[in-house]
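Open the model in your viewer and keep the selection panel at hand. The tour moves from one helix to a neighbouring sheet.

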Amino acid sequence: MKKKWLSLLLAVLCLCGLAACKGDTPADTAPPDAPVQAETGGGEAAEDRVETAAGAAEEDISAAEHYVNNLPLESQIAQMFFARCPETDAAALAGQYDIGGYILFGRDFEGQTRESVAAVIQSYQDAAATPMLIGVDEEGGTVVRISSNPNFRAVRFWSPQALYNEGGFALITSDAKEKDELLASIGVNVNFAPVCDVSTDPADFINARAFGRDAAQTSEYVRTVVAQMLSDRTGMVLKHFPGYGNNVDTHTGIAIDERPLESFRESDFLPFRAGIDAGAQSVLVSHNIVTCMDAELPASLSPAVHQVPRDELGFDGVVMTDDLIMEAITDYTGGADAAVLAVQAGNDMLVSSDFVTQYNAVLAAVQNGTVSADRIRESAIRVIQWKIDLGLLAV
């Protein structure tokens, strides 16, 4: 009888202990490294997805992978587009497709003020399910989408060459900081700069936009600008890989570069390597046909060219195309297959002035098996990681 009562007493004590232990652990506690929606923009849908991802997290999967694992295929594809901001209904389009980013041009700043542009950009972020990259070409000199408007800056930003001639790398640094502050004040988080092309001949098409000195000095320029942009948490784009050289303008036709590979390794690659080693987040590939790497395809559509930044330069960030409606591409492909070829080549983002057409082409390619879902996921993870690095998605 004594043994029976003792067994009952032990059973009661065990049940009480289990209940107490269960009460000490909240059921809704998320892992400490789960991604959390940043306070600026992105909408409630992104926050819901992040919380879902956190709940299903495994310690060996990155925050970017958690996020992408909870995106439908359609959103993963849309994240791969850095679309030209449409003139009308841009917020609605961003909300409908979950677009990766908008690139703004001069028309988006005409007749505007800092306050009005900031409000419009915020409307894009508010509509988007995932916070957007908002980019602009503000190189200085001949390419200034924002400072060409006196409402934003009294004078245009100077070219890299003019800055260096006036005040060396100290002025290059302070200029980069001022650009970053202006962009951040209106909600732009990516500047399509610096130009990494090596050009010492004023007759070259790219010279006015380049640093205008040899590879070693251009590399130092790139390192300087990338370091400042990283400090300011502004996204940067190294362009135009693998190096423009003395080629013609690909906005108006196909350019064929017949220089030997050693010419690139000894000169053109060096500023890109410097930027990558300094921590650059993105590389833009030109539309030139570079015969020593691929005699048939424009660089932006060539798997062989894309192996170089990955395998030879060790770059693991976002690789993107130049605009796919430039004539060097439309003359080559007719425009119909450009986006699919760009994805197959290894691009993570497609700069596109024809987003809906090219998005649908990529979606169809995945659905019919031309492009794998894993290939899309790989790029979407890189894009989301970039957004995390810029503070658009916090972890």
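Select D214 and A216: D214 caps the N-terminal end of helix 8, with a side-chain oxygen 3.2 Å from the backbone nitrogen of A216. Helices here are DSSP runs of H or I with at least four residues, strands are runs of E with at least two, and both are numbered from the N terminus. This is a predicted model, in which local features need pLDDT of at least 70, side-chain atom pairs count only at pLDDT 80 or more, and totals for chains, interfaces and linings use all residues. Residues are numbered from 1 along each chain as its sequence is written, and side-chain values use heavy atoms, without hydrogens and water.

Next, select residues 215–232, which make up helix 8. Its end C-alpha atoms are 26 Å apart, which agrees with the 26 Å expected for 18 residues at 1.5 Å a residue (the expected span is 1.5 Å times one less than the number of residues). Colour the buried positions (under 20% relative accessible area, 1.4 Å probe, protein chains only); among them are A215, Y221, V225 and M229. The buried residues of this helix pack against elements including helix 7 (160–186) and helix 9 (261–278). Just after helix 8, R233 takes a positive phi of about 55°.

Now show strands 9, 11 and 13, which form an open parallel sheet in the order 9-11-13. Strand 9 and strand 13 (318–321) are at the edges with a single partner strand each, so one side of each lacks a neighbour in the sheet. Finally, pick L238 and its bridge partner in strand 11, V283.

Methods
Buried means under 20% relative accessible area, exposed over 50%, partly exposed in between (1.4 Å probe, protein chains only). Contact means heavy atoms within 4.5 Å. A polar contact is a pair of N or O atoms within 3.5 Å; within protein, one must be able to donate a hydrogen and the other to accept it, and residues adjacent in sequence count only if both atoms are side-chain atoms. Two strands pair if DSSP finds at least two bridges between them.
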